Structures are given as structure tokens and as C-alpha cells.
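Please look through the structure shown here before reading on, and keep it at hand while following the report.

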Amino acid sequence: MKQTILYLPVVHAGYEAFLQRHADSDEILILGRRFSGVFPKLAKEIRALSPERAVEHARLIVPDTRVLLLEPEDLADAVRADVVVLPDEDIMHKFVELPDFPAEARLRFETTFLRWDREWSRATKPVRFDHRVSRAGLDRRLMARTVSEARRSSDWWRQVGAVAVRDGEILKVAHNHHHPTEYAPYIDGDPRNDFSRGLRPDLSTAIHAEASLVAEAAREGVGLSGAELYVSTFPCPACARLVVETGFRTCFFAGPYSMLDGEEILRAGGVELVWVDMNPEPEDAFGAPTS
């Protein structure tokens, strides 16, 4: 048996595609309004659809699939599938940690957010990395972790993941996300839509991955001075300043492009820049990796 469970505050192309991909579910369950007592921030999303309206919209998208409301008191009995599919969103990760959620269920998290790759959002220039190109297995695995984390981002324009590491041990992981919730650009609209690149960067509901990572580490008392930073996208100027102030000694990156003066800020702060080559390993004539 397969069930799909989601919180549906708005209907956009990402959620529509998600529901259509799982129209073969035996049931689709949508979180009801009493979950705001479990997750208080849901009560603050006054522009979100009511759960009842969300169910009506879902039934229009997948008319041949059973769509029901799920309330907290029904959780223990309602979730009974072998496979449970959920959006890869913070609220749903917390949802599966609830005491009444069946521990034996096999979970599949999938993205529901859109990603707009407009040309101006990718306007960049090559980084002059410090004569170091890494293909080391550890560096590539850690960079792959940043890419995986980046996919959790709800940002319309750019998804970024960051990992702080010391002596090969992961200290913190973060991705860029929005406030007051990750659904903000879908419920309220994204204020960046009305501004060109570089204009009024302060008018944003997003916190960048590097800033989120540093803030979480500070809150939990995790020291980052002298640590290494892995980022899926080269830091912007504001995050570059934060990286320098935090005391990271090395910045590993996969996308070798810098915006504005981000590179100069890191160099002036003594941060070593290392490009991690994520291209597939070349093979010899017998099909074996050459490195």
C-alpha cells in the first residue's frame, strides 16, 4: 500500500506535479487545521488555503485518487501504508518525528518546490581559485552533500547548500530558505521578482545557506573558527563577509563563479579557495577510473 501525505498551503506547479506523480497512491492525506496546535507556525500563515479547500483542489488535480483530511488524533490509525511519500519540506520532516507516526513506514521525500533558472540570476564571473582543484573522494562526497541539501531549498531563483567541516567531521548543514516560513514566496509572492540583480538585496524573505549555517552554529555553541566550508554555489558578497568574520580557513566550492566582489572579500580575509571538480572520473581504455 502507498500513501502520500502533505501540507498544502498553496497550489502551484510544483505541488500539482507532485500530486500527479503520485496519483497511483491508495490515499492522499492532507494535514488538517488542528495540526496548527502541533506546529504553531501553521496558524500564522493567514494567506494559506484552508485544509478543506486544499482537499478540493487536490481532488481536481487527481480526480481518480482518494484524497482525505488528516488530523492529529487520527494519525496513528490513518497511516498504514508500506510506503509513505512526503514533500521534502521542514514541516514534513518534523511530522514524521511525531510520536504517533508509525516507525515501520518506509519514507520517500521528494521536492515540491519550483526552481526558476532565469539568466540574470546566473550572471557570474570565473573565480581565480588558489591553484587547487580537488578530486579527493572526501571532498567530492562532502560537496555532494551540499548539493543534496540544496535541493531542499524553496527558493525560486537559486538553491544552495552549505556544510561546515572540521577534520573530516560534519559540524553543521544548512540550505537557503525563507522566513517567516519556507512557503513565503508562494503565499505572499517573492519581493525579489520586482528588482533586477544587485538592486535592493535587503528586500528579500530569504536567508542564505552560509548565514543560516553560521547562525545555527552560534545558537548551539558550535565553534566554526578554523573550520572548512563546503558550498554548492560560490558565496555572495554578504555571505563572503560572514565567512571571513566567522574564521573559516578554507572555502570549497563546485560552481567556479563569483558574483560582484565575493571572491575579493574572501581573498582579503585569508580564506583559501578550492574548486572541487565534480565531473565524472575519466576512464582508461578498459573502462576503469584513471584516478
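## Pro 72 and its surroundings

In this predicted model, Pro 72 is in contact with Arg 34, Phe 35 and Val 38, if its neighbours within four places in sequence are left aside. The residue has its place in the loop between strand E3 (67-70) and helix H3 (75-78). Although Pro 72 and Leu 31 are 41 residues apart along the chain, their C-alpha atoms are separated by 8.3 Å.

## The chain as a whole

The chain has 291 residues, and buried residues make up 47% of them. Its secondary structure comes to nine helices and 15 strands. Of the contacts between residues at least 6 apart in sequence, 66% join residues that are at least 24 apart.

## Nonpolar cores

In soluble globular proteins, nonpolar side chains tend to be buried together. Here the largest nonpolar core holds 44 residues, and those that touch the most other members are Ile 5, Leu 70, Phe 95 and Phe 101. Once its neighbours within four places in sequence are left aside, Phe 95 is in contact with Ile 5, Leu 31, Phe 35, Phe 39, Leu 70, Leu 75, Leu 86 and Phe 101. Another core lies apart from this one and has 22 residues, including Ala 162, Leu 213, Ala 217 and Val 231.

## Helices H7 and H8

Two packed helices are described by the angle between their axes and the distance between the axes. Helix H7 (residues 209-220) packs with helix H8 (residues 237-246) at an angle of about 30 degrees, and their axes are 9 Å apart. Because angles under 35 degrees count as roughly parallel, H7 is roughly parallel to H8. The crossing in which H7 passes H8 is left-handed.

Where the two helices meet, Glu 210, Ala 211 and Val 214 in H7 are matched with Cys 239, Leu 242 and Thr 246 in H8. The buried residues in H8 are Pro 237, Cys 239, Ala 240, Val 243 and Thr 246, and what covers them includes H7, strand E12 (228-231) and helix H9 (262-268).

## Cysteines without a disulfide

How many disulfides does the structure hold? The structure holds zero. A disulfide is a covalent bond between the sulfur atoms of two cysteines. For Cys 236, the closest cysteine sulfur is that of Cys 239, and at 3.8 Å it is too far for a bond, because the cut-off for a disulfide is a pair of sulfur atoms within 2.5 Å. Cys 236 counts as buried at 17% relative accessibility, and Cys 251 is also buried, with a relative accessible area of 0%.

## Backbone angles to look for

Most residues other than glycine have a negative phi, and most peptide bonds are trans. The table lists three backbone angles from this model.

| Place in the chain | Backbone angle |
|---|---|
| Asp 167 | phi near 55 degrees |
| His 179 to Pro 180 | omega near 10 degrees |
| Gly 247 | phi of about 95 degrees |

Asp 167, a residue other than glycine with a positive phi, lies in the loop between strand E8 (161-166) and strand E9 (169-175). Is Asp 167 buried or exposed? With a relative accessible area of 75%, Asp 167 is exposed.

The peptide bond from His 179 to Pro 180 is cis, and Pro 180 has its place in the loop between strand E10 (177-178) and helix H6 (184-187). Gly 247, whose phi is positive, comes just after H8.

Technical notes:
Residues are numbered from 1 along each chain as its sequence is written. This is a predicted model: local features need pLDDT of at least 70, side-chain atom pairs count only at pLDDT 80 or more; totals for chains, interfaces and linings use all residues. Side-chain values use heavy atoms; hydrogens and water are left out. Buried means under 20% relative accessible area, exposed over 50%, partly exposed in between (1.4 Å probe, protein chains only). A nonpolar core is a set of buried Ala, Val, Leu, Ile, Met, Phe, Trp, Tyr and Cys residues joined through side-chain atoms within 4.5 Å. Contact means heavy atoms within 4.5 Å. Axes are lines fitted to C-alpha atoms, for helices over the stretch in contact, and angles run from 0 to 180 degrees between N-to-C directions. Helices (H or I, at least four residues) and strands (E, at least two) are DSSP runs, numbered from the N terminus. Angles under 35 degrees count as roughly parallel, over 145 as roughly antiparallel, 65 to 115 as roughly perpendicular and the rest as oblique. A crossing is left-handed if the near helix is turned anticlockwise from the far one by less than a right angle, and right-handed if clockwise.
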